[in-house]
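Before reading any explanation, take a moment to turn the model in your viewer and follow each chain from its beginning to its end. The paragraphs below then lead from one pair of strands towards the interior that the chains build.

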Amino acid sequence: MRHTIVLSALLAAVLQSGEAPVVSAAEPAVPAPGPANAQVYFIWPYEGTVITGGKFWVRMGLRNMGVAPKGTAVPNTGHHHLLIDTGLPPLNEPIPNDRNNLHFGAGETEARVELPPGMHTLQLLLGDMNHVPHKPPIMSKKITITVR
Amino acid sequence: MRTLFASLALLALFAGGPAHSTDAPANAYCYIGWPNDGQVLAANKPFRVWFGLRHMGVAPKGVAFANTGHHHLLIDTELPPAGQAIPSDRNHLHYGAGETETMIELPPGRHTLQLLMGDADHIPHTPPVTSKKITITVK
């Protein structure tokens, strides 16, 4: 029922704008191509930032590409993943979803994070509609911050 | 039932699109991460504008996903009327591919910048999700 409404609305929008339809089906697993000049980076914090208190907002920057929620097949888009205190996951399968690999599948561009005192590493990795890294993968530098 | 939906879709098609706007979380807001209010920028040099969005997500145009929208940058203009698609012109730049930053260049003088989210159909949400309007000087 809701599906039908959404579909009709989408159809109407598509017919009206004369644009390619937006497919939101969960199709398997060829990684989406990433533009060669796309770049994901931390707007904040920076390498070496010292944070007092442990709660902070991470602002996720993306250049030459767009953000789209999971399940959205629009070319040259993806969604953010924040890797905390971990290395890169295997790049040809979906990014794990756990305390060290946070997903932002609703298209968020900032994240509220709380970390215990100590040194921590943060890295951003973009995932396609199926949470698989693009080809080539779009990732930020890994930064180290200190919480105290 | 099917016929009803079909007619609704057709109606939407001929009436110039769905006129309702999408709900936004009450605490969602945009902000311009850079430049700052009052910033003075060099003329003849493009500068980057950072689009901040809190308590909501970004989705390209045409994507109906709950609590998302796409950015529009209003330059030297007021907020457009609610309930209608945001105009697309030199004063209303659309970022329908889900962009979260842009490079722009403006002529010397004072300019205002403001962000406004639009839904899948470029219509502002209810309530509208906007940033503070900032003033910058190019010289």
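A good place to begin in this predicted model is Thr121(A), which stands opposite Thr144(A) in strand E9 of chain A. These two residues belong to a longer pairing, since E8(A) and strand E9, residues 143-147 of chain A, lie antiparallel to each other and are joined over 5 bridges. E8(A) also pairs with E5(A), again in the antiparallel sense, and here the pairing extends over 6 bridges. Within that second pairing, His79(A) is found opposite Gly127(A) in E8(A).

Chain B can be read in a similar way, starting from strand E3(B). E1(B) and E3(B) run antiparallel and are joined by 5 bridges, and in this pairing Cys30(B) stands opposite Leu53(B) of E3(B). E3(B) is joined as well to strand E7 of chain B, residues 101-104, by 4 bridges, and these two strands also run antiparallel. Here Val49(B) has Thr102(B) in E7(B) as its bridge partner.

What do these strands contribute to the interior? In soluble globular proteins, nonpolar side chains tend to be buried together. The largest nonpolar core in this model has 40 residues, and those that touch the most other members are Val40(A), Leu124(A) and Leu125(A) from chain A, together with Cys30(B), Val63(B), Leu115(B) and Val129(B) from chain B. Several strands each supply at least two residues of this core, among them E5 (77-84) and E8 (118-127) of chain A, and E1 (29-34) and E3 (47-54) of chain B. Cys30(B) shows what such a position looks like in detail: leaving aside its neighbours within four places in sequence, this residue is in contact with Phe51(B), Gly52(B), Leu53(B), Leu115(B), Met117(B), Val129(B), Thr130(B) and Ser131(B).

It remains to ask how far the model can be trusted. Chain A averages a pLDDT of 86, with 80% of its residues scoring at least 70, but over residues 1-27 of chain A the pLDDT is below 50, although this stretch has 34 contacts in the model beyond near neighbours in sequence. Chain B averages a pLDDT of 90, with 86% of its residues scoring at least 70, while over residues 7-18 of chain B the pLDDT is below 50, and that stretch has 16 contacts beyond near neighbours in sequence. Where pLDDT is low, the predicted coordinates should not be read in detail. For the complex, the predictor gives an ipTM of 0.82 and a pTM of 0.81.

Terms used:
Residues are numbered from 1 along each chain as its sequence is written. Chains are lettered from A and ligands numbered from 1 in the order in which they are written. A nonpolar core is a set of buried Ala, Val, Leu, Ile, Met, Phe, Trp, Tyr and Cys residues joined through C-beta atoms within 7 Å. A residue is buried if 20 or more other C-beta atoms lie within 10 Å of its own, exposed if 12 or fewer, and partly exposed in between; C-beta atoms are placed from the backbone. Two residues are in contact if their C-beta atoms, placed from the backbone, lie within 7 Å. Two strands pair if DSSP finds at least two bridges between them. pLDDT is the predictor's confidence in each residue, from 0 to 100.
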